[in-house]
Number of protein chains: 2
Amino acid sequence: MNGAQALIRTLMDAGVTTCFTNPGTSEMHFVAALDAAPDMRAILTLFEGVATGAADGYARMADRPAATLLHLGCGLGNGLANLHNARKAGTPMVNIVGDHATYHVQYDAQLQSDIETVARNVSTWVRTSASTQALASDAAEAVAAASDASKEVATLILPADVSWGEGVESQQAWPQRPPEMAAETTVAAIAAVLKGQGAKALLLGGKALREPALRAASRIAQASGATLYAEVFPARMERGAGLPAVERIAYFSELAAVQLAGLQDLILVDAKAPVSFFAYPGKKSDLVPEGCRVHVLSSATQDALGSLEALVRKLGAQEIEPALQPARRLAPPCGKLTAAKACKAIAAALPEGAIVSDEAQTSGVTLFARTAGAPRHDLLTLTGGAIGQGLPAAVGAAIACPDRPVFALVGDGSAMYTIQALWTMARERLNVTTLIFNNRSYAILNIELERVGAERAGHAAKSQLDLSSPPLDFVALGKGMGVPSVRVDTCEQLNEALARAAKEPGPHLIELAVPNAFSGLKLKALPHVMNALDKMPLAMAKALKRRIAP
Amino acid sequence: MNGAQALIRTLMDAGVTTCFTNPGTSEMHFVAALDAAPDMRAILTLFEGVATGAADGYARMADRPAATLLHLGCGLGNGLANLHNARKAGTPMVNIVGDHATYHVQYDAQLQSDIETVARNVSTWVRTSASTQALASDAAEAVAAASDASKEVATLILPADVSWGEGVESQQAWPQRPPEMAAETTVAAIAAVLKGQGAKALLLGGKALREPALRAASRIAQASGATLYAEVFPARMERGAGLPAVERIAYFSELAAVQLAGLQDLILVDAKAPVSFFAYPGKKSDLVPEGCRVHVLSSATQDALGSLEALVRKLGAQEIEPALQPARRLAPPCGKLTAAKACKAIAAALPEGAIVSDEAQTSGVTLFARTAGAPRHDLLTLTGGAIGQGLPAAVGAAIACPDRPVFALVGDGSAMYTIQALWTMARERLNVTTLIFNNRSYAILNIELERVGAERAGHAAKSQLDLSSPPLDFVALGKGMGVPSVRVDTCEQLNEALARAAKEPGPHLIELAVPNAFSGLKLKALPHVMNALDKMPLAMAKALKRRIAP
């Protein structure tokens, strides 16, 4: 075989059977080799940020890496933002980045750039394959690097002549190392903490937000009186009726401070100690309360489930039944549409086994609370803050789970970073319902402008957050890329559009005409409004309200 | 003032009065400071690649840098491909990249990444401003670095607390160093070469493609019998009736080899020795013919015009009249639309003083020849090969030259990388006519697939180049972003649409339904077809045809 053929065969043998692509000339041998590899599913995207975001969404759902195929340093650059999100999510992924032939590099041709340096920014494993003979073994190592306990983005740079060279064979997959458990002494020490006095909490992230880990965490919580928190932006969280409910740390640090106030011990399980998303003048970045002790049960490279189960045993809590979220299906709302009512409508319509890719940072703020008792579903969120991830992640999730309905919630601003994802949804006939909250604004920035202390904004500043002129018409944009699209102004229209999307296979786009959820909100009122709005079950929000304004 | 205010004032004092933006929270003080700086024009884009490509297009036309405002490492990443093009074009630009507050970095929050490393990939000058006190002087240095003889991308990283810190003043602009001329000995040596026997040519690039330099080069050509070539992808080329005509090196190395065959001396003026865009199995990368001597009159950091004029004097050619392209206005075509006829229609309609941003790599292949005798215009091309530059560059050119009509020619594939540019065209009511050649294919890759030797492509491979399912509807996409849009299937419709666009101010989009210009073309037929199609005046193409197939 030639190098490209051996590479694809090696990827497939290692379980990488999906590749999100946007190829150019230097990748043409890889493309040609697809003909002989019908089991490698190559999914074309119109923009590299869609490919990398889709590979991220795929791996979050499939628990194994997809590949991407990118065109030199510039293609990698276009994919960088969603590779950043994947890195922060701990997503396994193998990027194949085509490069000039090795002997062509010296000429500094137009597309020549330093690919390795850019790749290192988002990848723990980077290699330029030096020869056709080395390529298959480099590929096997790349998959192993992506798939092992540390879960990371691996980038294999593929010179054109290494790809087209002949006379090589594929390589077998490397064995996977299972992740290590927490040390016995760590488990014992944390068990002792949990048996002690004072307010305590477990902060769950990464793999600790899957059902078996959640059940173990719930047993621990009941045995010890600890509160369960989830990290603010989980990569993937299993939730809904019949699963243990977990409160998410709030995005707004003002509110997170209220959530965590009085805590004396915080136990991290595949999560980092909570910090403010951004820094603000005169405000603390570190959200761990003064005097609170932080303990690590298991890190991102360790076995979260095994460590939690060891802790269950240490606490003798094996027989405790996990506290499960009762089913609570909301009634569909009616009347004029608002972002909050839209979240209610989505919660009312959410089918069993749905996957929700949530990048609606302001309009979607009540979704988490509203869907707490909805049928069981998976939630994917914006792990790295690089917006433009919601639509691509939905593409990848739908490829990984073709039998599960996918919902992508995005704002008008965030939708436009990777709007090209709609075309791939149509081309692959994916069961994705895209919900675009069009409030004609970078709404989150209206409040951020005030939060940073720049409250007396005038026309020039405010126009930088304004998307009303011209208004974006997402029905036209969706249709332009082959996705059946509809605009809704009332709850009834939204309910009907959701029902239609559930009935008809393939992608749908619903543009929601909504007012800015935070319009006119003043900073000092923030905690009072947020306790009703933020991403936590209603009962918790009410308890919180009592704490702030008794 | 605070840091952001001092920064903006410093930029303006140094002549940077335009900023292409896509801000986030960490840039909110910069945004707020715009209120006090009405002379700084901030132009919002929906995607960072539009901002960086627009800054590139702006500077190519204005000959001074614009700024960009980007959101941390991910915003920079989204802008990277067009920064690569800018770097290859030698475009001055000042990126302002917001970052977390200095004290927030230690927490490795969601958006934390290594900005400097990514910036270095495309910028010669990179600095993270360390304090509010240092910010204004850092900004003055950044503008100086961008504007001096070497013309480069400068990136200033702006931590949020450096931006919001108070009590500082702006700084004066640094004096600009004029570029150096070629050494007298170099000029004398090259004059001697030009007086010698054998075939010789000047290869003009960069600033050598502006009118005064072209006139000097034409005098040299007439005095010495040298041929004038332009680099294959010039950043900006002044051309048309009344200017010296210059033949461009062909993109296809097979054809470039024919152009350059027999050359004994090649003199570079602000250009690099010609190399193949990509490497191909069994083909040479270096396009300089065997035995041809390469001489450098002036490099990118030197004064091309001054050096050419010194050479004119050395040759005693001051009195020779430059050979000027006669006006030759084509008649508008009629009948069914093809890409070649479309180029004729555009040439027939091109108004005096137009700016043409050409990224239609296959469909636009005859444009250069067809517009040779059109009214004087500027041509901007894809300098770095990172597609997605054509529409953003048109935005920037239109901002720089509000009184000149701008035409952006892009393929369907390339249009989709930065389609968000249309919204900024509508928002700013720019006089840009966007022409999208929709052949439902990555057409260039069809032939590249064969050129790399992968000619027996099957369904899986070919589907990676196919954009027909679903077909992209650019009229819908244009309207979705507020741009009046029309689809044309005949030459008559195109002629009419061009006339309407010329009459009505503001942006227009014309979607051209065309067959793939290279459809069914076999590699061995390439030179024969290319001599009729490639980007050179018809007379030259005919002469070339005689050379290949006498």
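This is a short tour of a predicted model, going from the chain pair down to single strands.

**Stop 1: both chains.** Color chain A and chain B separately. Turn chain B by 180 degrees, with 0.0 Å of shift along the axis, and it superposes on chain A with an RMSD of 0.0 Å. The two copies are thus related as by a two-fold rotation axis. Both copies use the same surface, too: 99% of the contact residues of chain B recur in chain A.

**Stop 2: where the chains meet.** Select the contact residues: 81 in chain B, facing 80 in chain A. Which helix gives the largest share of the side of chain B that touches chain A? Pick residues 474-480 of chain B: this is helix α20, and five residues come from it. Now color that side of chain B by residue type, and you should get 45 nonpolar, 27 polar and nine charged residues.

**Stop 3: strand β6 of chain A.** Hide chain B and select residues 153-159 of chain A. Is this strand buried or exposed? Seven of its seven residues are buried, so β6(A) is largely enclosed by the rest of the structure. In a regular strand, side chains alternate between the two faces of the sheet. Show the side chains here: V153(A), T155(A), I157(A) and P159(A) point one way, while A154(A), L156(A) and L158(A) point the other.

**Stop 4: the partners of β6(A).** Add residues 93-99 of chain A, which form strand β4; this strand pairs with β6(A) in the parallel sense over seven bridges. Look for I96(A), which stands opposite L156(A). Next add β5(A), residues 125-128, also parallel to β6(A), with four bridges between them. There, W125(A) has A154(A) as its bridge partner. To follow the chain from β5(A) to β6(A), trace helix α7(A), residues 132-147; this β-α-β crossover is right-handed.

**Stop 5: a five-strand sheet in chain A.** What is the strand order in this open sheet? Reading across, you get β10-β8-β7-β11-β12, with parallel pairing. The edge strands are β10 (247-248) and β12 (293-298), each pairing on one side only. At the β10(A) edge, two bridges join that strand to β8(A), residues 227-230. Zoom in on A230(A), which stands opposite R248(A).

**Stop 6: helices on that sheet.** Select residues 211-224 of chain A. This is helix α10(A), which touches β7 and β8 and whose direction makes about 175 degrees with that of β7(A). Finish on helix α12(A), residues 304-314: it packs against β11 and β12, at about 110 degrees to the direction of β12(A).

Definitions and conventions:
Residues numbered from 1 in each chain as written. Chains lettered and ligands numbered in written order. Predicted model: local features only at pLDDT ≥ 70, side-chain atom pairs only at ≥ 80, totals over all residues. Least-squares fit on C-alpha atoms with pLDDT ≥ 70 in both. Contact = placed C-beta atoms within 7 Å. Nonpolar A, V, L, I, M, F, W, Y, C, P; charged D, E, K, R; others polar. Buried ≥ 20, exposed ≤ 12 C-beta atoms within 10 Å, placed from the backbone. Pairing = 2+ DSSP bridges. Right-handed = clockwise from strand over helix to strand, strands pointing away. Axes fitted to C-alpha atoms, helices over the stretch in contact; angles between N-to-C directions.
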